[in-house]
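How can a reader find a way through a protein model when the sequence and the atoms are all laid out at once? The explanation below is meant to be read slowly, with the structure in view.

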Amino acid sequence: MSRETVYRENENNQEHNSCPIGADERMYHFQDICLLTLQGSTKEAFLRMRTQAGFLKQRNVTRYYRVFLNAMNQAHYHYFLSSFDISLHEICYDNGIKLHKVYYWNDFLKVGQAILQNYAAAATRLRDEQNHAVLDAVHYIRENLDKDLSLKAVSEQVYLNRSYFSTLFKEVTGQNLTFFVRNERVKQAERLLLGTTASIEEIANRCGFSSPAYFATIFKKVTGLRPSDYRDLSLEV
C-alpha cells in the first residue's frame, strides 16, 4: 500500500472522528518551543514538541500531523520576525515543503526535528551577526562622542530595530545605551582634562555635552568631582 493511499484512508477515518482535534489549543500554541529554539536548546524543544503532539499519535491522522507542523513552522517564523526584526521566509518555505513527506508518526518526528534545527541554526547565525553589530555600535560611539548618540541614531547606524537593539546592547555590554554613552563621554573628558589645556567649554563640546553646566553636573555625578577640581587635583599629584 502506497503512502498516498494511507493518507487517503487516514483522511476518510478522520471524517468519522467526532473529536474536534483541529480546534485543540495544543495544535497552535508554540511560544515555549519557539523560545527554546531561539536559545539553541533544540533537544529540549524537540522533547516539548513530542510531548505536546502526543495526542496526535493516537489519532494517526496525516492531515493533523501536517497542520501541527505547519502551525509550528509559522509560529517560529513570526517569533523570529518579532525577536530579530528579520524575515526567515526562505527557511519557512523550505520547511513547508518538508510537510509533504509526512504520513506517519516517525515522519512527523523527523520533519519536526528538522524544522527546529533549521531555526536554531538561523538563530545562532543571527546572534553572531548582531553581536558583531553591537561591537560596531560601540566603536561608532567611541569615535563620535560629539554627535547625536540617541538610541534612534545609533540603532540606525547598525541597521537594527530600536527596541531589539536596546535589548541586545544591554545583553552584550551589561549596560543600557544611555549609561554607556554617558560613561564613555566622561572617560573621554577625563583624558582631555588630564592631557590637554582645552577649556571646560571646549571639552564639553568635544564630548557631546549640551552645555558646560550639564557637563559639570554629569561629570561630578560619575567621578565625584567637578571638571575644574578634577584637573586641579591631577596637577597637585
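The paragraphs that follow go from the overall fold to the core, then to the aromatic rings, and finally to a few individual residues.

The model shown here is a predicted one, and it is helpful to begin with its secondary structure. The protein chain comes to 13 helices and zero strands, so that reading along the sequence gives the pattern α-α-α-α-α-α-α-α-α-α-α-α-α. Of the 237 residues in the protein chain, 41% are buried, while the accessible surface comes to about 13600 Å², with 49% of that area belonging to carbon and sulfur atoms. The contacts tell us how parts of the sequence meet: among those between residues at least 6 apart in sequence, 66% join residues at least 24 apart.

The next topic is the interior. In soluble globular proteins, nonpolar side chains tend to be buried together. In this model the largest nonpolar core has 56 residues, and those with the most contacts inside it are M49, L56, F68, L69, M72, F108 and I141. Several helices take part in building this core, since at least two residues each come from α2 (31–38), α3 (42–52), α4 (54–59), α5 (62–84), α6 (89–98), α7 (105–143), α9 (162–173) and α10 (177–195). Which helix gives the most to this core? The answer is α7, which supplies 16 residues. For a closer view of one member, take M72: leaving aside neighbours within four places in sequence, M72 is in contact with F30, I33, M49, G112, I115 and L116. Apart from the largest core lies another one, of 13 residues, and V186, A189, L193 and I203 are among them.

Aromatic rings form a further layer of the description. A pair of aromatic rings is described by the distance of the centres and the angle of the planes. The count for this model comes to 12 aromatic pairs. In one of them, the rings of F169 and F180 have centres 5.3 Å apart and planes at 75 degrees, and because an angle over 60 degrees counts as edge-to-face, the pair is given that name. This pair links distant parts of the chain, with F169 in helix α9 and F180 in helix α10, 11 residues apart. Both partners are covered by the rest of the protein in the sense used here, as F169 is buried and F180 is buried too. A second example is the pair of F209 and F215, whose centres are 5.0 Å apart and whose planes stand at 40 degrees, so this pair is tilted. F209 counts as buried because its relative accessibility is 6%, and F215 is likewise buried, with a relative accessible area of 0%. Elsewhere, ring pairs link F30, Y65, F68, W105 and F108 into a cluster.

Rings can also have a charged group placed over them. The charged end of R26 sits over the ring of F55, 3.9 Å from the ring centre, and R66 lies over the face of Y103, at 5.1 Å from the centre of that ring.

R26 leads on to Q52, a residue in helix α3. Is Q52 buried or exposed? At 15% relative accessibility, Q52 counts as buried, because buried means under 20%. Not counting residues up to four places away in sequence, Q52 touches R26, H29, F30, I33 and F68.

The backbone deserves a look as well. Most residues other than glycine have a negative phi, and most peptide bonds are trans. Against that background, N60 has a positive phi of about 55 degrees although it is not a glycine, and its place is in the loop between α4 and α5. Y159, also not a glycine, has a positive phi of about 60 degrees, and Y159 is found in the loop between α8 (151–157) and α9. As for their surroundings, N60 is partly exposed, with a relative accessible area of 30%, whereas Y159 counts as exposed at 75% relative accessibility.

Cysteines complete the tour. How many disulfides does the count give? The count comes to zero disulfides. Among the cysteines, C34 counts as buried at 2% relative accessibility, and C207 counts as buried at 0%.

Terms used
Residues numbered from 1 in each chain as written. Predicted model: local features only at pLDDT ≥ 70, side-chain atom pairs only at ≥ 80, totals over all residues. Heavy atoms only, no water. Core = buried A, V, L, I, M, F, W, Y, C linked by side-chain atoms within 4.5 Å. Buried < 20%, exposed > 50% of the residue type's maximum accessible area, 1.4 Å probe, protein only. Helix = DSSP H or I, 4+ residues; strand = E, 2+ residues; numbered from the N terminus. Contact = heavy atoms within 4.5 Å. Phe/Tyr/Trp six-rings, centres within 6.5 Å; stacked < 30°, edge-to-face > 60°. Lys NZ or Arg CZ within 6 Å of the ring centre and 35° of its normal. Areas by Shrake-Rupley, 256 points an atom, 1.4 Å probe, with all protein chains shown as cover. Disulfide = S-S within 2.5 Å.
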